[in-house]
Structure formats: C-alpha cells, structure tokens
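Reader: Hi! I'm new to reading protein structures, and I'd like a close look at one helix and how it fits in with its surroundings. Could you take me through the last helix slowly?

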Amino acid sequence: AEEARLAAFRQRAEVGDTKAMTQLGAAYLDGELGLKEDATQAFLWMKRAADLKEITALSACAGFYLFGFGIKKSNIRGFAMFGMAAALGSEYACGMLGQANQEGHLGFDKNPQEATRWYREMQTCEHHDSTEEDHDRVAAWLREHP
C-alpha cells in the first residue's frame with residue numbers, strides 16, 4: 001500500500017501537482033511511505049512546490065534555509081521565503097516574522113512594534129498553518145502590546 005501511495009505521489013509531483021510535491025517532501029523529511037529520511041530530497045521537493053507558490057512548501061523551505069536543513073543555511077533566503085508565504089496568507093510565516101522581531105534573532109533587531117504588526121497580520125491570514133500554541137503565544141503578546 002505504501003509503495004502504491006508513493007508511486008501516486010511521485011507521478012502527480014512529476015507533472016506539477018504542488019500538493020503532491022509537498023507531500024513527497026514531507027515523506028522524505030519524516031521517512032514515511034517506505035522512504036529513508038533524506039533532508040536534501042525533502043528540501044528539493046519542497047522547493048519545487050515553493051517555486052510554484054505553494055504556501056506550505058514556502059514556509060517549510062524557509063525553515064530549511066534558516067536552520068541549514070538539507071541545504072546551506074541562509075537567513076536571507078529563509079526570511080525572503082517567509083515574506084512570500086506571509087504575502088500569500090500564511091499564519092505561520094507571519095508568526096515567524098513576528099517572533100524574529102520580538103526576540104531579535106536570526107539577524108533581526110528586537111522591534112516590538114514590528115512584532116506586533118506581524119502578529120496582527122497573522123490574525124488576518126487565510127492559510128491556517130500555525131499551531132494552537134502559536135495562537136496562544138501571539139494572543140498573550142498582543143494583550144501586552146496593544
């Protein structure tokens with residue numbers, strides 16, 4: 001069954017299905033569908049989908065770049081991809097941009113006003129890809145920084 005699912009994902013991904021590319025990347029990332037964990041292959045499949053503006057893949061690639069997972073570390077490329085994902089409506093990307101400003105990490109200066117702006121933007125996003133924990137953390141920040 002796993003082999004058939006893998007073959008179906010691969011076939012769809014090869015013809016440009018961005019969701020299948022993303023799922024194939026996730027399978028390589030987690031070692032699912034009978035695949036061996038392979039961060040490089042995970043990145044390559046996610047990047048193909050990200051290049052076609054698939055929001056989940058954009059956010060995933062941003063993280064790959066920020067932490068040097070499967071690709072050479074690059075804060076600039078990582079945050080450029082988070083910016084694209086945020087512009088396309090990713091809660092997670094807006095939250096990461098807010099957190100980078102809040103904490104002053106990954107090359108950002110601490111900037112509470114920018115953190116608040118990104119966290120407010122997160123609340124307007126249509127792509128709900130952040131966790132309940134993220135929502136709680138952001139809500140607490142916004143209560144303290146109206």
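Author: Happily; we'll start with the whole chain, move to the last helix, and then visit the core and a pair of cysteines.

Please keep in mind that this is a predicted model. The protein chain has eight helices and zero strands, so its elements, read from the N terminus, run α-α-α-α-α-α-α-α. The radius of gyration is 16 Å, close to the 15 Å that the globule rule gives for 146 residues, so the chain is as compact as a globular protein of that length. Along the principal axes, the C-alpha atoms fill a box of roughly 50 × 30 × 25 Å. Of the 146 residues, 42% count as buried.

Now to your helix, H8, which covers 132-144. With 13 residues at 1.5 Å a residue, H8 should span 18 Å, and its end C-alpha atoms are 19 Å apart, which agrees. Next, look at which residues of H8 are hidden: Asp134, Val138, Trp141 and Leu142 are buried. Seen down the axis of H8, these buried residues fall within an arc of 95°, so they line one face of the helix. A general rule helps here: an α-helix has 3.6 residues a turn, so residues three or four places apart point the same way. Turn to the other side of H8 and you will find Glu132, Glu133, Arg143 and Glu144, which are exposed.

What does the buried face lean on? The buried residues of H8 pack against H6 and H7. Aspartate 134 deserves a pause: this residue of helix H8 is buried, with a relative accessible area of 14%. Leaving out residues up to four places away in sequence, aspartate 134 touches Tyr92 and Met122. You can place both partners: Tyr92 falls in H6 (91-103), while Met122 falls in H7 (112-122).

It helps to set H1, at the other end of the chain, beside H8. H1 also has 13 residues, and it reaches 18 Å from its first C-alpha to its last, close to the 18 Å expected. In H1 the buried residues are Leu6, Phe9 and Ala13; seen down the axis, they fall within an arc of 65°, so they too line one face of their helix. Glu3, Ala4 and Gln11 are exposed on the other side of H1. The buried residues of H1 pack against H2 and H3. After H1 comes glycine 16, whose phi is positive, near 100°.

Both helices take part in something wider. The largest nonpolar core has 42 residues, and those with the most contacts inside it are Leu24, Phe79, Met81 and Phe82. H1 and H8 are among the helices that give two or more residues to this core, though H4 gives the most, with seven. Leucine 24 is in contact with Leu6, Arg10, Ala13, Leu35 and Trp45, leaving aside its neighbours within four places in sequence.

One last stop: the cysteines. The count of disulfides is zero. The sulfur of cysteine 125 is the nearest cysteine sulfur to that of cysteine 94, yet it is 3.6 Å away, and a disulfide needs the two sulfur atoms within 2.5 Å. Cysteine 94 is buried, with a relative accessible area of 0%, and cysteine 125 is buried as well, at 6%.

Technical notes
Residues numbered from 1 in each chain as written. Predicted model: local features only at pLDDT ≥ 70, side-chain atom pairs only at ≥ 80, totals over all residues. Heavy atoms only, no water. Buried < 20%, exposed > 50% of the residue type's maximum accessible area, 1.4 Å probe, protein only. Core = buried A, V, L, I, M, F, W, Y, C linked by side-chain atoms within 4.5 Å. Helix = DSSP H or I, 4+ residues; strand = E, 2+ residues; numbered from the N terminus. Contact = heavy atoms within 4.5 Å. Expected span 1.5 Å × (residues − 1). Arc of directions from axis to C-beta. Rg over C-alpha atoms; globule rule 2.2 N^0.38 Å.
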